[in-house]
Structure formats: structure tokens, C-alpha cells
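Work through the following exercises on helix packing and strand pairing with the structure open beside the text. Each task is followed by a solution that goes step by step.

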Amino acid sequence: MLADDLRGMWYIAMKDLRAYYFKPPNISWGIMFPFAFVLAFAIRNPGELRQLVPGLLALTILFGTSSMEAIVIVFERRIGSLERLLLAPVRLPALLAGKLLGGMTFGLTVTAVVLLVALAVFGAGSVNWPLLALALLLAAAAFSALGAFVSVAVREVFEAQTLANFVRFPMMFLGGIFVPLSSMPPALQVVARALPLTYAVETLRAALDGRALPTTALDLGALAAFTAALFWLAVRALARRTA
Amino acid sequence: MMSDVIQVAELTKHYPAGRGAAPVRAVDGIEFAVREGEVFGFLGPNGAGKTTTIRMLTGLTRPTAGRARVLGFDLATDVTRIKKRIGVAPETSNLYDELSACDNLVFAMQLYGVPRRERKTRAEELLARFRLGEKRDTSFAKLSRGMKRALTVAAALAHRPPLLFLDEPTTGLDVMSARSLRGMIADLRDEGVTVFLTTHYLEEAERLCDRIAIIVNGRIVALDTVDGLKARVQKRAVVEAVLADDSGGVETVRFESDDISVAVQAVLAQAAADSRRVLSVNTLQPTLEDVFVHLTGLGAEAMLAEKGGKGGAHAGG
């Protein structure tokens, strides 16, 4: 049965990438949106552009993974094709893991493009590559799980977009991308600590600066915990919806 | 000897109702068995419990109570093994709009573990069989309704399941597409595939099914062969004859008897006594519609009216 699950997971991800993710509008949105947002901020607040790179990568992976992920499941449920996957010999966690894998693969691909551009402009410097890879992987998993949870928590596609933005936009401003956490009022710092983007930005900054801070392991652990919790909630919600 | 591929005992599904209301009994303690190699019809009006029964037997929804074994596996403990061995074509044609006809079939095979080397050949074979060869590269979204239905059934067969569930396969199809699909279902039976078929088209059930269960309000009210069901309604033999006299006058006469040979002899005796010729003799059988009306108290037209919005493939074919 494990072989059935792994096979199902792989082919569900491949099908999603082909049918939904690697479409021109999605690719251009995934790459252009973070650039546009960060450049708009940089024009308003000219300064050290390099400092914005961790935030740029974090935003790219957040929107790259969760934008489509948040609507894929609810869309398939509405048109009835999710039932094909539920009828297949693939258990529910494997089915959702396949969905996550699709979102992660797309998010990591567009982030790789943005990273290459950033490296070409600013140079590699002292990047800690293993830490960068781990940070991107865990951030992709956490944001993809967030997208999956949003997608199974709602009934309509438009509700998924609304809910996803309700979560993502506050994260953008509280996650330490544009304003360091240390400059925020204490209450907002507490809120920021409850957001996965905060930990993604901190680990990406540490990886790009080439220094693992004492808190980096905690940041990575927090991303892994967010992934596990959101995935578990998504499996539970989908099981309830399809019972 | 034929074995049972589905065994159902006291299968029940209740859905929670609104606050203060009693739960909805969608399926209420049904019992039946499906034999290997037969086309088993599950007949009933809309909302009778047909689709809920299929959803339970295919692992899409959990029964509230009762037991079922499918292909020898217990539904409660071995649902993944069951899923691997069955094919299901749901009421909605639900393949992926973004994928081509061929890619949809290949994806179905990938999910069920059909070896890579067999996938293309099997896909081409199914496309040819369902007369979709020319549409192999056309996206599912661009196929006609009949083609979508045929491809959905083809996808259910992709991994060569010995048991196929077809939920209202011809609903909404035009006459020719429905007729073509019925021919394919008959071919599957000839190949030894067991088919569990739900339909609200009485004529379709009569034509295709070896045995039929009639379900009303979540309960099975009858289960038998088509002839067996008819025999429950028809207690007396009815013979209808057309007689002609020398002047060209034609009359239709009808005789009823407990014994069909007595009725036929009565026709011949009447013709001889009146010096008339017998143009035709027919034994009148009740239709499945008569059976349905007798057993359920519902009119067949009421059943069709409930599905009226979905088209009308019941005629012809």
C-alpha cells in the first residue's frame, strides 16, 4: 500500500504541475508579483537593496506555492474531479502530499529563477548553500501546506482566494520583510512569531549572509512544525468534507 | 459456479439533518449480492439511495452501519485493496479538462499502477474501442457530452478492473450516444466484467441487466431477474390476436387465462368459429414499467420527470 501511496503522490503532483501550475499566466504572476512588490518598496525607501533579497525570496516562495495550491483542491472538488483521486488506491494523506508536492515544485522553480536574478545582480557573496536549500525547502512545504489547508477549509474558489489573501497580506507586513521585527511594537512582535513567513525570512537572511545564528535551528524547527500542523489540519478537514 | 463479487448486509447510511430534525436515512439496512459476470441493475427514483450505495461500496463514503464485502475484501478494513480492483464511472463526467483524451487515460493508469510499457497501448486500445481514436489529442473540455461520457467509462476500465460501477451512464446523452454506450456495456458483460449499473431508465435496465434490485426510500423493495420481476405482476396469461374476415374487416381480440396454452387455443377456436383468419398472435407481457409502478406506487414518468433536466436518452437504442 505504501508503494501505491508513493506512486499516487508522484503522479498527482505531476498531473497538477502539467494541468495547472506550469501555465504562462501562473509563471509570470509567480515571478513578477514579488519583484513588483519589492521594487515598489525599494523606490519608496531607497537604501540597501541587497537587504531585501531574503524577503523577495520569501515572498516568491509564499505566493509561488500557495496561490494555485489554495484553489486547486477546492476547484477540483467543485467540478468533481477530486473524486477521481478519492476513488484511486491512494490514502488521503498521500493524496494531499501529492498536492503539496506539486505546489512546492512550482514554488521552488519560480524561486530558483528569482534567486538566479538576485545572484546575478548582487553576487553570491558568502551564501550558506546547504542552509539556503533547507530553508527554501521547509518554507515551500509550510506555505504549500497553508495553501492546501485554505483550499480544503472553504467551499468555493473565490472564498479560497479571499481566505488566502486574508492570511498572506498581513504576513507580508508583519513577517520582517520590510520592517525588522526588532523595530516593531512588542504586541506585533508576538503576532509575527505566530506567522511562518517570519521564520522563513529569518532563515533565508541567515543563509544568504552565510552565518547560521543560534536561533536558525529554531526557525527551521518552527517551519517544520507549521508544515506538520497545517498538513494534519488539511487532512482532517478533507476527511471530514468527503466523509 | 458463479461466486458473489459483492455481498451486502444491513448496509445503512444516515446523514445528519438540521438542528432538531431526525437524521436522513439515505440507505436503510439494504441486503443483496452481486454475482460474478452479471450486469446488476440498481433501479430507483432520484434520491432513492442508488448513488449513496455506490459511494459506500466504492469507499467514497463510510457506512453508518452494516457490512459489505467487495471482491472478497471487507469494506471496513480493506477499502484501499477494493479501490485498486474496481473501476468507477460516476454520474458526472469528471476527467480533467486540461488534459487530452489520451493523457486522461494514461493518468488513470498511472494512479492504478499499470506498468509504463502497457499504458500507451492500452490507451490507444480504449480510444479505438470507444470510437475516440481521432480525438486522442483533443482536450477533455472540447469533447462532446457523449464523448466525455464514453471517455469517463473508458478511464474506469483503464486498469482492467473485474468489477465496474456505472452510475447513470446514459443520463443526458443523445439517443445515438446512449445506444452506443449500452452496446459497450453489453460487450463488457460478454467479456466477463461484472457491472453494477444504476439507472432510472427502465427500458435500459430491462435491456442490459441480468438481475435488478429496485430501491425506494433507501430500501430494496424487489430483487430478481427481469422475467422474475414481471412474473410477480402478471398472474394470468394474456394473449392478443388480430382476426380478419372475408370482407376485409379486422378485429383485435384478447383472451386471459391462468394457462397460456388455454388462451392460445381460445383464440384459434374463436377464429374457427367465426370463419376468420388469424393475422397475428401476441402474448402480452408486463413491462418493467408495470413492475416498477406496481412495486413502488410511483409512475415511471414521475421518475423521469425528476431527472428531466438532465436530458432524455431513454428513448430508442
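The exercises below concern a predicted model, and they take helix contacts and sheets in turn.

**Exercise 1.** Determine how helix 3 and helix 9 of chain A are oriented to one another, and which residues make the contact.

*Solution.* Begin with the axes: those of helix 3 (residues 53–79) of chain A and helix 9 (residues 196–209) of chain A come within 8 Å and cross at roughly 135°. Because of this angle, helix 3 of chain A is classed as oblique to helix 9 of chain A. The crossing of these two helices of chain A is right-handed. Next, list the residues in contact: helix 3 of chain A contributes Val53(A), Pro54(A), Leu57(A), Ala58(A) and Leu62(A), while helix 9 of chain A contributes Leu197(A), Val201(A), Leu204(A), Arg205(A) and Leu208(A). Sorted by class, the residues of this contact comprise nine nonpolar, no polar and one charged.

**Exercise 2.** Carry out the analysis for helix 3 and helix 5 of chain B, starting from the angle at which they pack.

*Solution.* Helix 3 (residues 101–111) of chain B packs against helix 5 (residues 145–157) of chain B at an angle of about 30°, and their axes lie 8 Å apart. Since angles under 35 degrees count as roughly parallel, helix 3 of chain B is therefore roughly parallel to helix 5 of chain B. The crossing of helix 3 and helix 5 of chain B is right-handed. On the side of helix 3 of chain B the residues are Ala101(B), Leu105(B) and Ala108(B), which meet Leu151(B), Ala154(B) and Ala155(B) of helix 5 of chain B. The class count for this contact is six nonpolar, no polar and no charged residues.

**Exercise 3.** Establish the strand order of the open three-stranded sheet in chain B, and explain why two of its strands stand at the edges.

*Solution.* The three strands follow the order 12-11-13 in chain B, with antiparallel pairing. Strand 12 (250–257) and strand 13 (277–284) of chain B each have a single partner strand, so one side of each is left without a neighbour in the sheet. From one strand to the next, the twist averages 20°. As a check on the pairing, strand 11 (residues 237–244) of chain B is joined to strand 12 of chain B over eight bridges in the antiparallel sense, and Leu243(B) has Glu251(B) in strand 12 of chain B as its bridge partner. Finally, helix 9 (residues 260–273) of chain B packs on this sheet and touches strand 11, strand 12 and strand 13 of chain B, its direction making about 15° with that of strand 11 of chain B.

Notes:
Residues are numbered from 1 along each chain as its sequence is written. Chains are lettered from A and ligands numbered from 1 in the order in which they are written. This is a predicted model: local features need pLDDT of at least 70, side-chain atom pairs count only at pLDDT 80 or more; totals for chains, interfaces and linings use all residues. Side-chain values use heavy atoms; hydrogens and water are left out. Axes are lines fitted to C-alpha atoms, for helices over the stretch in contact, and angles run from 0 to 180 degrees between N-to-C directions. Helices (H or I, at least four residues) and strands (E, at least two) are DSSP runs, numbered from the N terminus. Angles under 35 degrees count as roughly parallel, over 145 as roughly antiparallel, 65 to 115 as roughly perpendicular and the rest as oblique. A crossing is left-handed if the near helix is turned anticlockwise from the far one by less than a right angle, and right-handed if clockwise. Contact means heavy atoms within 4.5 Å. Ala, Val, Leu, Ile, Met, Phe, Trp, Tyr, Cys and Pro count as nonpolar, Asp, Glu, Lys and Arg as charged, and the others, Gly among them, as polar. Two strands pair if DSSP finds at least two bridges between them.
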